[in-house]
Amino acid sequence: MGNSSSSQKISSQDRAILDLKNQRDKIYQYQKRITVLTDRETAIAKECLARGDRRRALLALRRKKYQESLLSKTDSQLAQLEQLTGQVEFALVQKDVLFGLQQGTQVLQAINKEIGGIEAVDRLMEETAEARAYQEEVSQMLEGSLSMQDEEDVEDELEALRQEVVGPVDLPAVPQAPLPERGDEVLEEPAQEQPEVKTKTKARTPVLAS
């Protein structure tokens, strides 16, 4: 006899593992495709720095960091859940797995909107009222979306790009003459005041006329 119907069914655990792997595969694909966007955002940051527009350069790099970290963190979470499903009783982690899959789907949908959105990236440089409204929207969306470490990484990248575009900051020249050692210092003694010599005026004796 052939396999029974029960053995042919895919268990909920097998289905969850398969879904996790499929989502991770999609994330890998998006990581490659989103490079087009992040490269453009880096180029925009350079262009903005070249014309002294630090605010928009920072916005472009923060948007880039958000996209990269979003994919990286989601992949890490899915990998942990995939590992759990093979090590722990599935019933104990099923709720977490389903929640992780739901989050992964939302991330993929959000990133999918970004893919191919070069036009949206270019709006970071435009001066129109509509573009400025979009820039403000992106800035507000990024508030609280990046960790402190992410923000520090963005600042470091911004400074590296600034030096690449503008050059290092010229610092004041350091004096070349060596400072005198404390033992070599010559202390000048204050000039002593000469005591005033009072000259007595000899009284004249009146001469009587003869």
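What span should the 16 residues of helix H3 have at 1.5 Å a residue, and how far apart are its end C-alpha atoms? In this predicted model, H3 covers residues 35–50, and at that rise it should span 22 Å; the end C-alpha atoms lie 23 Å apart, which agrees.

The helix has two distinct sides. Leu-37, Thr-38, Glu-41, Thr-42, Ile-44, Ala-45, Cys-48 and Leu-49 are the buried residues of H3. Viewed down the axis of H3, these buried residues fall within an arc of 160 degrees, so they line one face of the helix. Val-36, Asp-39 and Ala-50 are exposed on the other side of H3. Just after H3 comes Gly-52, with a positive phi of about 80 degrees.

Helix H2 (residues 12–33) packs against H3: their axes come within 4 Å and cross at roughly 35 degrees. H2 contributes Gln-31, Lys-32 and Arg-33 to the contact, and H3 contributes Thr-35, Val-36 and Leu-37. By type, the contact residues of H2 and H3 are two nonpolar, two polar and two charged.

Both helices also take part in the largest nonpolar core, which has 37 residues. Within this core, Val-97 and Ile-111 touch the most other members. H2 and H3 are among the elements that give two or more residues to it; the others are tabulated here.

| Helix | Residues |
|---|---|
| H4 | 54–87 |
| H5 | 90–114 |
| H7 | 129–142 |
| H8 | 148–165 |

The largest share of the core, ten residues, comes from H4. In soluble globular proteins, nonpolar side chains tend to be buried together.

How values were computed. Residues are numbered from 1 along each chain as its sequence is written. This is a predicted model: local features need pLDDT of at least 70, side-chain atom pairs count only at pLDDT 80 or more; totals for chains, interfaces and linings use all residues. Side-chain values use heavy atoms; hydrogens and water are left out. The expected span of a helix is 1.5 Å times one less than its number of residues. Buried means under 20% relative accessible area, exposed over 50%, partly exposed in between (1.4 Å probe, protein chains only). The arc is that of the directions from the helix axis to the C-beta atoms. Axes are lines fitted to C-alpha atoms, for helices over the stretch in contact, and angles run from 0 to 180 degrees between N-to-C directions. Contact means heavy atoms within 4.5 Å. Ala, Val, Leu, Ile, Met, Phe, Trp, Tyr, Cys and Pro count as nonpolar, Asp, Glu, Lys and Arg as charged, and the others, Gly among them, as polar. A nonpolar core is a set of buried Ala, Val, Leu, Ile, Met, Phe, Trp, Tyr and Cys residues joined through side-chain atoms within 4.5 Å.
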